Amino acid sequence: MHLLEKAPMPHDPVPELLRRATEQLEAGFAGLPAYEPDPIPDLDVIAGVLATVAHRLGDNYPYFHPLYAGQMLKPPHPLARAAYALAMKINPNNHARDGGRASSEMEIEAVGEIAAMFGWSEFLGHLTSSGTLANLEALWVAGQLAPGKRIVGSEQAHYTHRRISAVLKLDYAEIEADSRGRMSLEALEAELRKGDVGTVVVTLGTTAIGAVDPLDEVLKLKARYGFRVHVDGAYGGYFRLITDDLAEPARRAYLASVEADSLVIDPHKHGLQPYGCGCVLFREPAVGRFYKHDSPYTYFTSKELHLGEISLECSRAGATAVALWATQQLLPLTPDGEFARGLKSGRGAALELDRRLGADSSFVRLTSGTPELDIVVWKLKAENAERASELAQRIFVSCATRGLHLALVQLPVLWFEPAGVGQAGAVTCMRSVLMKPEHAAWLDRIWERLSAGCAEVLGV
Ligand SMILES: *Cc1c(COP(=O)(O)O)cnc(C)c1O
């Protein structure tokens with residue numbers, strides 16, 4: 001049961017806005033001869049099914065609420081939802097202009113704005129159905145440019161890079177991470193000396209703790225050893241907008257993203273979009289040649305760029321592009337805009353939570369500094385890792401009964417102890433992703449519940 005303080009769902013302005021916009025959309029097609037659509041089945045039956053859907057969807061954590069502070073989950077912006085629903089009236093397919101002229105244009109514009117955020121003016125890019133698909137495309141291109149060469153990424157890189165490499169039949173190796181979760185440059189250079197590394201995957205914002213790999217330093221090694229640099233910013237890409245608010249190493253890494261060879265970012269993570277929205281960018285437009293295909297049915301009826309000519313997937317929801325385009329109209333990707341302020345707010349909440357954890361003797365923070373983005377991890381103080389893990393699991397449950405939803409993560413014990421003191425192995429830690437702007441205002445209430453949850457388990 002979720003113990004929330006008030007009615008959990010705030011007033012929803014979307015239906016009314018959507019009704020008005022739908023009328024406008026319909027007016028645009030008013031010149032068509034009238035036709036009788038097939039009658040909709042019994043409305044009572046539809047209402048009944050919908051009621052069942054609403055009931056079943058209640059079996060979820062309340063991702064929309066500020067007391068959900070666990071995984072990387074939040075609802076799309078109301079405008080994104082409305083624009084997506086409006087596009088459903090047409091259901092365009094961004095494979096070809098024939099399937100969605102307006103939404104293809106919107107995709108090209110929205111992707112251009114994302115590229116501009118990284119300082120890229122010339123590039124090739126498009127939306128994908130996810131970060132995984134976007135990374136797959138980037139590594140697929142990388143593999144064709146350097147056949148038989150290896151892909152390497154930090155041991156904290158997203159787990160799908162190894163799987164993607166296996167699908168592409170490319171060898172993949174893990175590079176050790178330091179106690180901050182960042183790719184170790186010494187370990188990377190040792191791999192590079194072997195001479196067969198084709199691509200280095202650099203993560204700006206790891207999934208577990210939001211660590212930022214030293215992209216600027218990796219680029220220096222690129223100048224010496226020669227390899228492709230693929231940036232996985234699926235989670236953290238948008239923090240490019242607020243580099244001045246980050247610690248110096250992370251700031252330098254983000255600023256260097258202008259020199260990456262390919263880059264992935266997930267608008268469905270920090271970009272306020274419904275799921276089904278990843279994005280891949282290539283700095284060299286000529287890689288478009290790898291996508292050339294020929295089939296009797298996906299003919300392209302005009303000379304303009306059809307997005308299906310530069311993407312691995314065939315059908316893709318035009319609605320995804322419409323929602324993203326609309327959101328970026330309202331919240332442009334600028335360092336001084338409201339969207340950037342939202343990122344800063346979540347990051348502020350993360351720093352404040354981290355500070356409070358540091359002042360409480362029940363908890364142990366990472367030995368090497370504050371959160372790099374908006375993800376906080378901490379361990380329970382205990383005589384050994386088994387006991388700390390058990391406590392974390394019990395506190396996770398006891399917070400949930402108080403309506404506070406956190407997450408758990410397995411991390412190396414050594415990250416929490418001064419060098420030379422710790423035991424090897426992993427420990428289950430608590431993790432909180434503070435990715436909603438509202439988390440800042442709710443931090444006291446989050447802390448209250450965390451403290452109460454701990455007190456119950458620890459008996460203090
Ligand atoms: C989430 C994530 C991915 C995978 O993206 P999906 O959109 O979930 O497929 C890849 N890399 C990183 C760093 C991520 O955080």
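These legends go with several views of a predicted protein model.

**Figure 1. The whole chain, seen as a set of helices and strands.** Start with the full picture: the protein has 13 helices and eleven strands. Its radius of gyration is 24 Å, and the globule rule gives 23 Å for 460 residues, so the protein is as compact as a globular protein of that length. If you follow the C-alpha trace along its principal axes, it spans about 80 × 60 × 40 Å. Now look at which parts of the chain touch: of the contacts with a separation of 6 or more, 73% are between residues 24 or more positions apart.

**Figure 2. Inside and outside.** How many of the 460 residues count as buried? The share is 51%. On the outside, the protein exposes about 21500 Å², with carbon and sulfur atoms supplying 56% of that area. As for charge, there are 46 positive and 56 negative side chains, and the centres of these two sets sit 3 Å apart.

**Figure 3. The largest nonpolar core.** In soluble globular proteins, nonpolar side chains tend to be buried together. Here the largest nonpolar core has 56 residues, and the members touching the most others are Ile114, Leu188, Val200, Leu215 and Leu281. Helix 4 (residues 101–117) gives this core its largest share, five residues. There's also a second, separate core of 25 residues, with Ala69, Leu380, Ile395 and Met430 among them.

**Figure 4. Zooming in on Val200.** Let's pick one member of the largest core, Val200. Leaving out residues up to four places away in sequence, Val200 touches Val152, Met183, Leu188, Leu192, Val218, Phe227, Arg228, Val229 and His230.

**Figure 5. Glu372 in its loop.** Find the loop between strand 8 (363–364) and strand 9 (375–380), and you'll find Glu372 there. Is Glu372 buried or exposed? Its relative accessible area is 6%, under the 20% cut-off, so Glu372 counts as buried. Beyond its neighbours within four places in sequence, Glu372 is in contact with several residues, including Arg180, Arg182 and Arg347. Gly210, Ala211 and Val212 are also among its contacts.

**Figure 6. Met72, another loop residue.** Met72 lies in the loop between helix 2 (43–57) and helix 3 (78–88). With 9% relative accessibility, Met72 counts as buried. Not counting residues up to four places away in sequence, Met72 touches partners including Thr206, Thr207, Tyr235, Tyr275 and Ile375. Lys269, Arg431, Val433 and Met435 are also among them. Now look for Glu36: Met72 and Glu36 are 36 residues apart in sequence, and their C-alpha atoms are 45 Å apart in space.

Terms used. Residues numbered from 1 in each chain as written. Predicted model: local features only at pLDDT ≥ 70, side-chain atom pairs only at ≥ 80, totals over all residues. Heavy atoms only, no water. Core = buried A, V, L, I, M, F, W, Y, C linked by side-chain atoms within 4.5 Å. Buried < 20%, exposed > 50% of the residue type's maximum accessible area, 1.4 Å probe, protein only. Helix = DSSP H or I, 4+ residues; strand = E, 2+ residues; numbered from the N terminus. Contact = heavy atoms within 4.5 Å. Rg over C-alpha atoms; globule rule 2.2 N^0.38 Å. Areas by Shrake-Rupley, 256 points an atom, 1.4 Å probe, with all protein chains shown as cover. Lys, Arg positive; Asp, Glu negative; His and termini not counted. Charge placed at Lys NZ, Arg CZ, Asp CG, Glu CD.
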